[in-house]
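Reader: Could you take me on a close look at a single part of this model? I would like to see one strand and its surroundings described in one go.

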Amino acid sequence: MSEPARSDSQSEARSESQPEEPSGNLPAPYVSPWLEFGRNLQAMAADLRLRMQEIWRRNREGELSVPGFWPRDLAPSFWPMLLVLLLLLPVAGLRWWQVHGSTGPGPGPEPVEMPRESLPELAAPELIPAPLPLPNEPELALETVTNDEPPQPKLSFDPLFELFQDKALPDGLLLSAKPLPEQDQLLLELSVDVWGQMAAGQRQTLASSWLQSALELDYASLQLVSAQGDLLGRSARVGGGMILFDLGLVG
């Protein structure tokens, strides 16, 4: 009878030594969210520090990508310089706004009220007597001056015409001297009647002398024409000298 009682006592001792497992229906243990937030912040700071160390190491070894125009020898300095510029950009913008943006039109000066001065009292106007009538005087007859002489023509002086008007020339030979700047040419208008009365050698000598004067005045060519526009002679296009045309072919 004593043996069964011993077995019951052994089974009760095993049950007391083993802890009771909590049931699934019991509530979860309470965990403070602030403690979890603090642990997460520490983990995030540690992860960020490790990532920054890795980026710094890769940049120092030149593993980070840089633009193609940047020298490969200066690859470790590209990203630090870019970071410094990005940090200085807001500071520069704030400084510019303080200098230019905040300078608006200041308040105008306050109007100053000038004290009103009392106007001086005006003196009473004095009556001026009317002038006495003057005795009758003989009227002076106006003499009209009549000028029967015709107006004198205005004198004109053409230095270019006077330059080519030599005293040895026959009277009335040279009529005008017209420069043509757009063609770099000088045009001398001659009287055909006087030009035809001259000998051929005299005409050639005179034309060569005129050409030399025109070249000295920086004209490239010279033409001799009549009053009707007929060509009497011109400077040679090849070589030098003047080419005179037969007067029988003129007109």
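**Strand β2 and its neighbours**

Author: Happy to! Let us begin at one pair: Ala177 stands opposite Leu188 in β2. This is a predicted model, and the pair belongs to an antiparallel arrangement in which six bridges join β1 to β2. The two strands make a hairpin with four residues between them, and in that turn Asp184 has a positive phi of about 55°.

Now look to the other partner. β2 also pairs with β3, this time in the parallel sense and over six bridges. Here Leu188 is found opposite Leu224 in β3.

What about cover? β2 is mostly covered, with six of its six residues buried. In a regular strand, side chains alternate between the two faces of the sheet. In β2, Gln185, Leu187 and Glu189 point one way, while Leu186, Leu188 and Leu190 point the other way, and all are buried. For the protein chain, 18% of the 251 residues count as buried.

Leu188 also leads us into the largest nonpolar core, which has 23 residues. Leu188 is among those that touch the most other members, along with Leu173, Trp195, Trp210, Leu222 and Leu224. Elements giving two or more residues to this core include β1 (174-180), β2 (185-190) and β3 (221-226), though α6 gives the most, with five residues.

One last stop is Leu222: leaving aside residues up to four places away in sequence, its contacts include Leu186 and Leu188, as well as Ala207, Trp210, Leu211 and Ala214. Leu222 also touches Gly233, Arg234, Ser235 and Met242.

Note on methods:
Residues are numbered from 1 along each chain as its sequence is written. This is a predicted model: local features need pLDDT of at least 70, side-chain atom pairs count only at pLDDT 80 or more; totals for chains, interfaces and linings use all residues. Side-chain values use heavy atoms; hydrogens and water are left out. A nonpolar core is a set of buried Ala, Val, Leu, Ile, Met, Phe, Trp, Tyr and Cys residues joined through side-chain atoms within 4.5 Å. Buried means under 20% relative accessible area, exposed over 50%, partly exposed in between (1.4 Å probe, protein chains only). Contact means heavy atoms within 4.5 Å. Two strands pair if DSSP finds at least two bridges between them.
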